[in-house]
Amino acid sequence: MADLATLTEHIRNAVGDNSGLGKTVKIDLGDEGKIYIDGASSPNSVTNEDKPADANIGVSLENLLAIGEGKLDPVMAYMSGKLKVDDIMIAQKLAPLLKR
C-alpha cells in the first residue's frame with residue numbers, strides 16, 4: 001500500500017504545472033494526513049499543508065487508492081459515505097487527474 005508521501009508525489013506529477021483545475025482542493029485522509037492541491041496558482045502545487053480550500057474531500061487512504069486503481073467507483077463511494085465531497089463540480093474536475 002502506498003503511503004502519504006508516495007501518493008502526494010503521484011498527485012503532484014499528475015497535476016503538473018497547469019492542471020486546468022483553477023481551484024484549490026484539500027483531500028483529508030484522516031489520521032494519514034492531508035493533500036492540498038493548489039490548482040489556482042501558477043505553477044500548480046501539491047503539498048501536505050492543512051489550508052482552507054475551495055473544495056474539501058474526505059476519504060480514507062485505502063479508499064482513495066481503490067478509486068485511483070479503478071477498484072472502487074467514486075459515485076458508489078460517495079453514495080455509501082466512503083467519500084465525502086463538499087463541492088461536487090470541482091471534485092469531478094479532479095477525478096481524471098487522480099487516474100493518470
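Is E9 buried, partly exposed or exposed? In this predicted model, E9 is partly exposed, with a relative accessible area of 36%.

**View 1. The salt bridge between E9 and R12 in helix α1.** The side chains of E9 and R12 form a salt bridge in which the closest N and O atoms are 2.6 Å apart. Because the two residues are three apart in helix α1, E9 and R12 are separated by about one helical turn. R12, like its partner, counts as partly exposed, its relative accessibility being 33%.

**View 2. The salt bridge between D50 and K26.** The side chains of D50 and K26 meet in a salt bridge, at 2.7 Å from N to O. This pair links distant parts of the chain, since D50 lies in the loop between β3 (45–47) and β4 whereas K26 belongs to strand β1, 24 residues apart. D50 counts as exposed at 52% relative accessibility, while K26 is buried, with a relative accessible area of 13%.

**View 3. The salt bridge between K51 and E49.** The side chains of K51 and E49 meet at 3.8 Å, N to O. K51 counts as partly exposed at 30% relative accessibility, and E49 is also partly exposed, with a relative accessible area of 38%.

**View 4. Helix α4 and its buried face.** The buried residues of α4 (88–98) are I90, A91, L94, L97 and L98. Seen down the axis of α4, these residues fall within an arc of 105°, so they line one face of the helix. The face turned away from this buried side carries the exposed residues M89 and Q92. Among the elements that cover the buried residues of α4 are α1 (4–15), β1 (24–28), β4 (55–59) and α2 (61–68). At the N-terminal end, D87 caps α4, with a side-chain oxygen 3.2 Å from the backbone nitrogen of M89.

**View 5. Helix α2 within its surroundings.** Six of the eight residues of α2 are buried, so this helix is largely enclosed by the rest of the structure. The buried residues are L61, N63, L64, L65, A66 and I67, and what covers them includes α1, β1, β4, α3, β5 and α4. After α2 comes G70, whose phi is positive, near 80°.

**View 6. A nonpolar patch on the surface.** V75, M76, Y78, M79, I88 and M89 make a nonpolar surface patch of about 660 Å². Helices α3 (74–79) and α4 each supply at least two residues of the patch, and α3 gives the most, with four. Y78, which lies in α3, counts as partly exposed at 42% relative accessibility.

Terms used: Residues are numbered from 1 along each chain as its sequence is written. This is a predicted model: local features need pLDDT of at least 70, side-chain atom pairs count only at pLDDT 80 or more; totals for chains, interfaces and linings use all residues. Side-chain values use heavy atoms; hydrogens and water are left out. Patches are made of residues with over 30% relative accessible area and no salt bridge: like charges are joined within 9 Å, nonpolar side chains (Val, Leu, Ile, Met, Phe, Trp, Tyr) within 5 Å. Accessible areas come from the Shrake-Rupley method with a 1.4 Å probe; for residues, only the protein chains shown count as cover. A salt bridge is a side-chain nitrogen of Lys or Arg within 4 Å of a carboxyl oxygen of Asp or Glu. Buried means under 20% relative accessible area, exposed over 50%, partly exposed in between (1.4 Å probe, protein chains only). The arc is that of the directions from the helix axis to the C-beta atoms. Contact means heavy atoms within 4.5 Å. A polar contact is a pair of N or O atoms within 3.5 Å; within protein, one must be able to donate a hydrogen and the other to accept it, and residues adjacent in sequence count only if both atoms are side-chain atoms.
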